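Let's take a friendly walk through this protein, one region at a time. Keep the structure open beside you as you read.

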Amino acid sequence: MSAAITIHFRDPKLTALCINSLLVDGWAPILIWDNSADDGKTLRVLQEAFSETPGIMWTDNNNNLGFGKGMNAAMAELERLGYSGPILLVNNDARIIKGMHAALHAPLRAATLPTLVAPRIKQNGREHGWLHYQPWLALVTRKHLPGSFAYLSGCCLLVHRIDNTQPLFDRDFFMYGEDVELSWRWEKQGGKLVLLDGVWLHHAGSASTGQASVTYEKYTAKSHWLLAGKLTTAHWQTVLAQGLRLPSLSLRAGVRALRYRTLEPLRAFINIFRVNP
């Protein structure tokens, strides 16, 4: 068996569904990292519901660290508790399908390099596997574009590496975009990315923030801006990437403002120019 981590955020029913799917598929131990920042109120609901279920560990964190920092801290906590081995990182709005445990571990049997393994994802009636990021224009697409690179969605990743006490995700990202940076850096450092075409995951998508919400728009826009510096190696490249992505980010904000009938995408676009948006 291998360990799994999910981050809880204020919705016990949603997190409970994820935990149950992990239990059915044989993941253990399961560490629940609390990012709710609600004085443990909703975490206690979960703890009571699973009080007689073995193999679940709880981390009563008082602050919302965001996705990347939360996962980094949770992986280090597992290592501190004596667990070393592959770890599944899964969003609490995702549902594991039985059989995924064995399927995700299959590529690791002959693995000689640090490896990230991911399933295909079913979300909002659509299916996707590889996603592609065009670093100069800040475009996320399902098909390769000139200059783009493939990355694995961070909603479900099996992480195979030597030392899980070291940060996996870049600490500058609060949420969104950290999976793009991770995939890019992982391959640059000699790691391997594996997508299993015959394995599926159900994902609600943006369940903790909501599409077009203040939080979603703020951190999505900010992540695109951060990526301009993360995916370049020289200052002039960063400045060029920032300049080239301005038209696409402004267009994105306008389209989303019209689609969802809210000014939040436009406010988020404007806020990327502030020092502390």
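Below are notes on a sheet, the helix packed on it, a second group of strands and a surface patch.

## About the model

What you are looking at is a predicted model. Residue numbers start from 1 along each chain.

## A three-stranded open sheet

Start with the sheet whose strand order is β9-β8-β10; it is open, and its strands pair in the antiparallel sense. Strands β9 and β10 are the edge strands, each with a single partner, so one side of each has no neighbour in the sheet. From one strand to the next, the twist averages 35°.

For a closer look, find β8 at residues 131-134: three bridges link this strand to β9 in an antiparallel pairing. One contact to pick out on screen is H132, whose bridge partner in β9 is T141.

## The helix packed on that sheet

Helix α5, residues 178-188, packs on the sheet and touches β8 and β10. The direction of α5 makes about 115° with that of β10.

Is α5 enclosed or open to the outside? It is largely enclosed by the rest of the structure, because eight of its eleven residues are buried. Among those buried residues are charged-looking names you might wish to click on, E178, D179, E181 and R185, along with V180, L182 and W186. Just after the helix comes G190, which takes a positive phi of about 95°.

## Strand β4 and its partners

Next, turn to β4, which covers residues 87-90. Its side chains go two ways: I87 and L89 point to one side, L88 and V90 point to the other, and all of them are buried. In a regular strand, side chains alternate between the two faces of the sheet.

Which strands pair with β4? Strand β1 (residues 3-8) runs parallel to β4, with three bridges between them, and here A4 stands opposite L88. Strand β11 (residues 156-160) runs antiparallel to β4 and is joined to it by four bridges. On that side, V90 has C156 as its bridge partner in β11.

## A nonpolar patch on the surface

Finally, look at the surface, where L137, L139, L145, W236, L240 and L244 make a nonpolar patch of about 500 Å². Helix α7 (residues 235-260) supplies the largest share of the patch, three residues.

Another member, L145, sits in the loop between β9 (139-141) and β10 (149-151). With a relative accessibility of 30%, L145 counts as partly exposed. The two strands flanking this loop, β9 and β10, are also the edge strands of the open sheet described above.

Note on methods: Predicted model: local features only at pLDDT ≥ 70, side-chain atom pairs only at ≥ 80, totals over all residues. Heavy atoms only, no water. Patch = residues over 30% accessible without salt bridge, like charges linked within 9 Å, V, L, I, M, F, W, Y side chains within 5 Å. Areas by Shrake-Rupley, 256 points an atom, 1.4 Å probe, with all protein chains shown as cover. Salt bridge = Lys/Arg side-chain N within 4 Å of Asp/Glu carboxyl O. Buried < 20%, exposed > 50% of the residue type's maximum accessible area, 1.4 Å probe, protein only. Pairing = 2+ DSSP bridges. Axes fitted to C-alpha atoms, helices over the stretch in contact; angles between N-to-C directions. Contact = heavy atoms within 4.5 Å.
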